[in-house]
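Biologist: I would like to learn how to read polar contacts, burial and helix packing in a model. Please take them in turn.

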Amino acid sequence: MAAPLKAFLENKPLEKTKKDPKRLSVERIYQKKTQLEHILLRPDSYIGSVEPVTQQMWVFDEDVGLNCRDVTFVPGLYKIFDEILVNAADNKQRDKSMSCIKVSIDVENNTISVWNNGKGIPVVEHKVEKVYVPALIFGQLLTSSNYDDEEKKVTGGRNGYGAKLCNIFSTKFTVETSCKESKKTFKQTWYDNMGRAGDANIRHFDGEEYTCITFRPDLPKFKMSILDKDTVALMTRRAYDIAGATKGVRVFFNGKRLPITGFRSYVDMYVKDRVDEVGNALTVIHEITNERWEICLTMSEKGFQQVSFVNSIATTKGGRHIDYVADQVVSKLIEVVKKKNKAGVGRQAFPGEEPHVGVCQLSD
């Protein structure tokens, strides 16, 4: 006779089946998250690592200038800052009259702002979504002006996240913009990782157009308590990058105009006070290939190095554009060596094993 039935017939209490504490309910195993919850739960899928990493990078140190050294920073924080900065540079493509970008970093108050005087965002209500366009762009996920894959892209951004990621990883995020066409100015603030939106402030406007983004990064989400020296040095370098890569735009950092007048001027910061093996100042070869490609080459101390930009985005790991330039340079150097060898000059034309060339490339 089965034990439970025997116990019942003998009027004995049944033993309760013990629950396995390690066994999870179906509801705990299979969960559905909102898009916002998923981004905050799995940030690495959207902005990269939120853990500090140490690697060698170019930064701008106040006492040294451009400096290649070991830097400890959080890629995710760097990413959300860069989204806002690249947006400002992109506006030059939409408005050729844009002439100024202002970047401010207030370490004490953990506040970053990026301002540009290009064409403002239309301050009109979106007829389909029934929300003002600036709020749609910065406060709702998967909204973008870059969804036409048939259009040739000369700006950063593609997937409809962009600046919203900065909003999501900030405790406070404010958008201000003015639009001549609608004769209105718009201002709205989001709080608590885009979880709460303040009221939009819309007023009549008849001045010069601009857009300003101000945010306070949610530092604990990046395992940080303050915007440290390395992080600020890296962000400062990006301001210099934008000054060099955005033609016809003056860039200010914390109220001071950066002394960059173009890409060639920017490259000079890398070769300043550097000399070759016989003590001569490094020669820089500069060529504007077409309206979108500008290249500078010089001799490198540490093998092949490159600093490059595509649509204002710093491509620190290189890419096909750099591979192409490097291949072209190497093939031409090989031709030069062969010609010199035929002339009896020999390998001494290039001391060392192989010629190494540093490359800077611009595509705006």
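Biologist: Which backbone atom lies 2.6 Å from a polar atom of the Ser170 side chain?

Modeller: A polar contact is a pair of N or O atoms within 3.5 Å; within protein, one must be able to donate a hydrogen and the other to accept it, and residues adjacent in sequence count only if both atoms are side-chain atoms. Here the partner of the Ser170 side chain is the backbone oxygen of Cys166. This is a predicted model, where local features need pLDDT of at least 70, side-chain atom pairs count only at pLDDT 80 or more, and totals for chains, interfaces and linings use all residues. Residues are numbered from 1 along each chain as its sequence is written, and side-chain values use heavy atoms, with hydrogens and water left out.

Biologist: Is Ser170 buried or exposed?

Modeller: Buried means under 20% relative accessible area, exposed over 50%, partly exposed in between (1.4 Å probe, protein chains only). Ser170 has 1% relative accessibility, so it counts as buried.

Biologist: What is the relative accessible area of Thr177, and which backbone atom lies 3.0 Å from a polar atom of its side chain?

Modeller: Thr177 is at 0%, and therefore buried. The backbone nitrogen of Ile121 is the atom at 3.0 Å from the Thr177 side chain.

Biologist: How are two packed helices described?

Modeller: By the angle between their axes and the distance between the axes. For α4 (residues 75–94) and α7 (residues 229–245), the angle is about 20° and the axes are 11 Å apart. The two helices are therefore roughly parallel (angles under 35 degrees).

Terms used. Axes are lines fitted to C-alpha atoms, for helices over the stretch in contact, and angles run from 0 to 180 degrees between N-to-C directions. Helices (H or I, at least four residues) and strands (E, at least two) are DSSP runs, numbered from the N terminus. Angles under 35 degrees count as roughly parallel, over 145 as roughly antiparallel, 65 to 115 as roughly perpendicular and the rest as oblique.
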